[in-house]
Amino acid sequence: MFHVTYCGYHINNPDYDIIHRPFGSSDYLLIHFMSEMTVELNGEKISASSGDFLLYPPGSRQWYQAKRKFKNSFVHFTDDSLFIEELALPYNQLFRIDETSVIQEYFRLIEQ
């Protein structure tokens, strides 16, 4: 079963803001970047485009910074059903999904 710890829909942080969690969090974090970001993965800083997703597993270092404007949607969650494992989404790497409107709607509903 999934348990949502925290969720944000169309969140704006200050320009150039940095999220840095050296030891990650105790849950999964799925982020949908809605502005350009710099992301550190495996010790390397790479560019994330608006529309990219990133899934951090529990305990994984989290570091990302807005290149200017900071906007994203995200959900922190736990999963004791192993469903997230069955989806085989990539951890700690950027990926894209063709149709994001459904996922954005889920972010909105979860936040409510």
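## A tour from strand S5 to serine 35

Start with lysine 45 in S5, the bridge partner of glutamate 40. The model on screen is a predicted one.

Next, extend the selection to the two strands around that pair. S4 covers residues 37-41, and S5 covers 44-48. The two run antiparallel and are joined by five bridges.

Keep S4 selected and add S7, residues 62-66. S4 and S7 are also antiparallel, with three bridges between them. To find the register, select valine 39 and its bridge partner in S7, tyrosine 64. Then colour S7 by accessibility: four of its five residues are buried, so the strand is mostly covered.

Now add S2, residues 18-21, which pairs with S7 in the antiparallel sense over four bridges. Here the pair to select is arginine 21 and glutamine 62, the latter in S7, which stand opposite each other.

With these selections shown together, the whole sheet is in view. It is an open sheet of four strands in the order S2-S7-S4-S5, with antiparallel pairing. S2 and S5 are the edge strands, each pairing on one side only. From one strand to the next, the twist averages 20 degrees.

Turn to the side chains. Select Ile31, Phe33, Met37, Val39, Tyr56 and Tyr64: these have the most contacts inside the largest nonpolar core, a set of 14 residues. The elements giving two or more residues to this core are S3 (28-33), S4, S6 (53-56), S7 and S8 (70-79). A second core, separate from this one, has 10 residues, including Cys7, Phe53, Ile84 and Phe95.

Centre on phenylalanine 33. Beyond residues up to four places away in sequence, Phe33 touches a list of residues that includes Val39 and Tyr64, along with Ala48, Leu54, Lys71 and Leu94.

The last stop is serine 35, in the loop between S3 and S4. Is serine 35 buried or exposed? Its relative accessible area is 8%, and the cut-off for buried is under 20%, so serine 35 counts as buried. Show its surroundings: leaving aside neighbours within four places in sequence, serine 35 is in contact with Ala48, Ser49, Ser50, Lys69, Phe70 and Lys71.

Which backbone atoms lie by a polar atom of the serine 35 side chain? Two can be displayed as distances. The backbone oxygen of lysine 69 lies 2.8 Å from a polar atom of that side chain, and the backbone nitrogen of lysine 71 lies 3.0 Å from one.

Definitions and conventions:
Residues are numbered from 1 along each chain as its sequence is written. This is a predicted model: local features need pLDDT of at least 70, side-chain atom pairs count only at pLDDT 80 or more; totals for chains, interfaces and linings use all residues. Side-chain values use heavy atoms; hydrogens and water are left out. Buried means under 20% relative accessible area, exposed over 50%, partly exposed in between (1.4 Å probe, protein chains only). Two strands pair if DSSP finds at least two bridges between them. Axes are lines fitted to C-alpha atoms, for helices over the stretch in contact, and angles run from 0 to 180 degrees between N-to-C directions. A nonpolar core is a set of buried Ala, Val, Leu, Ile, Met, Phe, Trp, Tyr and Cys residues joined through side-chain atoms within 4.5 Å. Contact means heavy atoms within 4.5 Å. A polar contact is a pair of N or O atoms within 3.5 Å; within protein, one must be able to donate a hydrogen and the other to accept it, and residues adjacent in sequence count only if both atoms are side-chain atoms.
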